[in-house]
Amino acid sequence: MFENIQKKLSSAFKNLSGQGKISEKNIKEAVRQVKLSLLEADVNYKVVKDFIDKVKEEAMGAKVLESLTPDQEFIRVVRDNLIELMGGNKPEKISLSRNPGFIMLVGLQGSGKTTHAAKLAKMYQKEGRKPLLIAADTYRPAAIDQLVQLGDSLGVPVFTGDKTDARNIVKEGKKYAEKLLHDIVIVDTAGRLHIDQQMMDEVEDIKNIVNPEEIIMVVDSMMGQDAVSSAKEFNDRLELSGFIVTKLDGDSRGGVIISIREITKKPVKFVGVGEKLDEFEPFYAERYAGRILGMGDVLSLIEKVEQEVDKEKAEEDAKRMMEGKITLEDFLQNIKQIRKMGPLSKILEMIPGTQGVDVDTDKGEKEMTKMEAIINSMTPKERKDPKVLTYSRKQRIAKGSGTSLQDINKLLKSYDQLKKTMKQFKKFGKKKFFGNKMP
Ligand code: GDP
């Protein structure tokens, strides 16, 4: 109880002193720090300026979390915006629908194209596909031999053709892939130390020959500011589908990721984190936002406070549910929580005493999917109080969620049942279960 009073007082004090909400004045220092930090991470100057202006505007007037200062709250908003800017936390996949599907890798010399052509081949090979590598980098001495060696180590064939004319190699390689029924073809093209006309003409011709579904530019994360102009030029000329950013195992904080994304609006799909062929992973924005922003201490403090807030909310939710005030939104959150733990069959395996028990987990999964779809199709008001649902709304929801009226009624029945159980629990359960100690 004292805790509550204390909280209310400190919150009132925060508001009186102007610390309860973000204002231009109370985040001046944080704005300066964030700018510096992003510039130090090698994010392009213009990108930093536009980004900060946008975030500042968005953050103005936002409420400051209880245990944070306005400066820290601003950094929290910056972090969230960085994650969003980099495409959220769902890695963008390579998407191929044709057979064979063509992926063309482009980029400057030394960025890691050849290595990453092999990494991609390894990934597909692991998935049970039948990749072919085409070595069309006739410019860098030894690039073709390097790819042949990498292919050999994987047992993935490498098409080299006459080793001299890139356009010809690609034309022949395409025929070869079709004849030998390869389902994925990865084309390694020539780079230069700097962009030049001859290289651009060549990659454009190769694009026209293979008509690839994916054109991925490989960018060295240590390249700094130059990455932006070259990414822009490649994208203007070829209309890229995404990037692979390499050498993130080194010291670079990875500011390049932000710059190229902001300038080209194309996603980073994978990152290279070492020279070995399995040092390669899908790009998770959340992992890199912290690294790019730096400010480790502040970020871990923010995370701690967020966890605390989540814990408080969970406690409040639990208390409310125990009082029988459960909503369909709670239902949905519970299903999501269960899903996070893995498939039902796996969860059951982890529960002692369930071995050998015959439960139709497939049916359970299907039921959960249906419930999720139904609740997702409801408005917030309906989720809070499904009594407001009319017959015609139920029909609309069934249509929208690909379920039937019967499914909806079944869900509502289980929901009522649960509510009743909770209420009974409150009435009789507390004393019985917890003696007199329960509040
Ligand atoms: P290309 O000229 O674009 O084909 O570049 P390469 O594939 O030959 O790579 C250039 C150098 O960078 C080679 O020594 C690679 O081993 C190294 N390299 C490539 N990707 C990575 C990476 O993600 N991390 C590290 N540490 N080195 C890499």
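UniProt positions are given in the numbering used here, and its annotations may be inferred rather than shown by experiment.

**View 1. The coiled-coil region recorded by UniProt.** In this predicted model, the close-up shows residues 295-322, where an unreviewed UniProt entry places the feature "coiled-coil region". The span is 96% helix and 0% strand, and its end C-alpha atoms lie 41 Å apart.

**View 2. The span recorded as "domain: SRP54-type proteins GTP-binding".** The unreviewed UniProt entry places this feature at residues 267-280. Over these residues the chain is 43% strand and 0% helix, with the end C-alpha atoms 16 Å apart.

**View 3. The surroundings of the ligand.** The ligand is surrounded by 19 residues, of which the closest are Gly112, Lys113, Thr114, Thr115 and Gly272. Helix α5 supplies the largest share of this shell, namely three residues. Sorted by class, the shell holds twelve polar, five charged and two nonpolar residues.

**View 4. The packing of helix α5 with helix α6.** The axes of α5, which covers residues 113-126, and α6, which covers residues 143-154, come within 10 Å of each other and cross at roughly 20°. Because angles under 35 degrees count as roughly parallel, α5 is described as roughly parallel to α6. The crossing of the two helices is right-handed. On the α5 side, the residues that meet α6 are Thr114, Ala117, Ala118, Ala121, Lys122 and Gln125, while α6 contributes Ala143, Gln146, Leu147, Leu150, Gly151 and Leu154. Taken together, the residues of this contact divide into seven nonpolar, four polar and one charged.

Terms used. Residues numbered from 1 in each chain as written. Predicted model: local features only at pLDDT ≥ 70, side-chain atom pairs only at ≥ 80, totals over all residues. Helix = DSSP H or I, 4+ residues; strand = E, 2+ residues; numbered from the N terminus. Axes fitted to C-alpha atoms, helices over the stretch in contact; angles between N-to-C directions. Parallel < 35°, antiparallel > 145°, perpendicular 65-115°, else oblique. Left-handed = near helix turned anticlockwise from the far one by under 90°. Contact = placed C-beta atoms within 7 Å. Nonpolar A, V, L, I, M, F, W, Y, C, P; charged D, E, K, R; others polar. Near = placed C-beta within 6 Å.
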